[in-house]
Amino acid sequence: MTPSLVAGLEPPYYTAVFTSIRPDAPEGYAETSARMQEIVKDIPGFLGYESARTPGGIGITVAYFRDLDSLGVWQHNAEHQAAKRHGRAHWYESYSVHIGKVERSYSFERG
């Protein structure tokens, strides 16, 4: 699979930046992550996401939303809330979330 970036979004829009530290492959994480990806894609106003993880366990996921209302739908989704509780109890050593408004955006792609 070729990695791709979210590009070509017309500002303004919002980001939810989730940074975390967790073990490389905790039990049940992959399945829950796949389910969260399914759920968020169905939220009107969800624009996409990018995610990366280092071998040492630091991860960053940036999700893009058209407005704060769509981001709020994601934040308050019951399955997402349950996954966050489970993550705090079982997977993550620590995490932080940063919400931002994007006012300028540009990208580059070779050929």
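Two strands pair if DSSP finds at least two bridges between them, and strands here are DSSP runs of E with at least two residues, helices runs of H or I with at least four, both numbered from the N terminus. With that in hand, select the sheet: four strands in the order β2-β3-β1-β4, open, with antiparallel pairing. The edges belong to β2 and β4 (94-102), each with a single partner strand, so one side of each has no neighbour in the sheet. On average, neighbouring strands are turned by 15 degrees against each other, direction ignored; the axes behind such angles are lines fitted to C-alpha atoms, for helices over the stretch in contact, and angles run from 0 to 180 degrees between N-to-C directions.

Before going on, a word on what is on screen. This is a predicted model, where local features need pLDDT of at least 70 and side-chain atom pairs count only at pLDDT 80 or more, while totals for chains, interfaces and linings use all residues. Residues are numbered from 1 along each chain as its sequence is written, and side-chain values use heavy atoms, with hydrogens and water left out.

**Stop 1: the helix on the sheet.** Show residues 29-41, helix α1, which packs on the sheet and touches β2 and β3. The direction of α1 makes about 160 degrees with that of β2. Touching, or contact, means heavy atoms within 4.5 Å.

**Stop 2: the β2-β3 hairpin.** Now pick β2 (46-53) and β3 (58-65). Seven bridges join these antiparallel strands; on one of the rungs, Gly48 has Tyr64 in β3 as its bridge partner. Four residues separate the two strands of the hairpin, and Gly57 in the turn has a positive phi of about 105 degrees. Is Gly57 buried or exposed? Gly57 counts as buried, because its relative accessibility is 0% (buried is under 20% relative accessible area, exposed over 50%, partly exposed in between, with a 1.4 Å probe and protein chains only). Leaving aside residues up to four places away in sequence, Gly57 touches Ser20, Ile21, Arg22 and Asp24.

**Stop 3: along β1.** Start just before the strand: the peptide bond from Pro11 to Pro12 is cis, with omega near 0 degrees, and Pro12 lies in the segment before β1. Then go to β1 itself, residues 13-21, which pairs with β4 over nine bridges in the antiparallel sense. Tyr13 stands opposite Val102 in β4. Next along, Thr15 is buried at 10% relative accessibility, and its contacts beyond four places in sequence include Val62, Tyr64, Leu71 and His98.

**Stop 4: the rings.** Colour the aromatics. Rings of Phe, Tyr and Trp (its six-membered ring) pair if their centres lie within 6.5 Å; planes under 30 degrees apart are stacked, over 60 edge-to-face and the rest tilted. That rule gives seven aromatic pairs. Tyr13 and Tyr64 are edge-to-face, 6.0 Å centre to centre with 65 degrees between the planes, and this pair links β1 to β3 across 51 residues. Tyr13 is buried at 4%, and Tyr64 is buried at 10%.

Then select Phe18 and Tyr95: their centres are 5.2 Å apart and their planes at 45 degrees, so the pair is tilted. Since Phe18 is in β1 and Tyr95 in β4, the pair ties together parts 77 residues apart in sequence. Phe18 is partly exposed at 22%, and Tyr95 is partly exposed at 31%. Add Tyr29, Trp91 and Tyr92, and you have the cluster that ring pairs link together with Phe18 and Tyr95.
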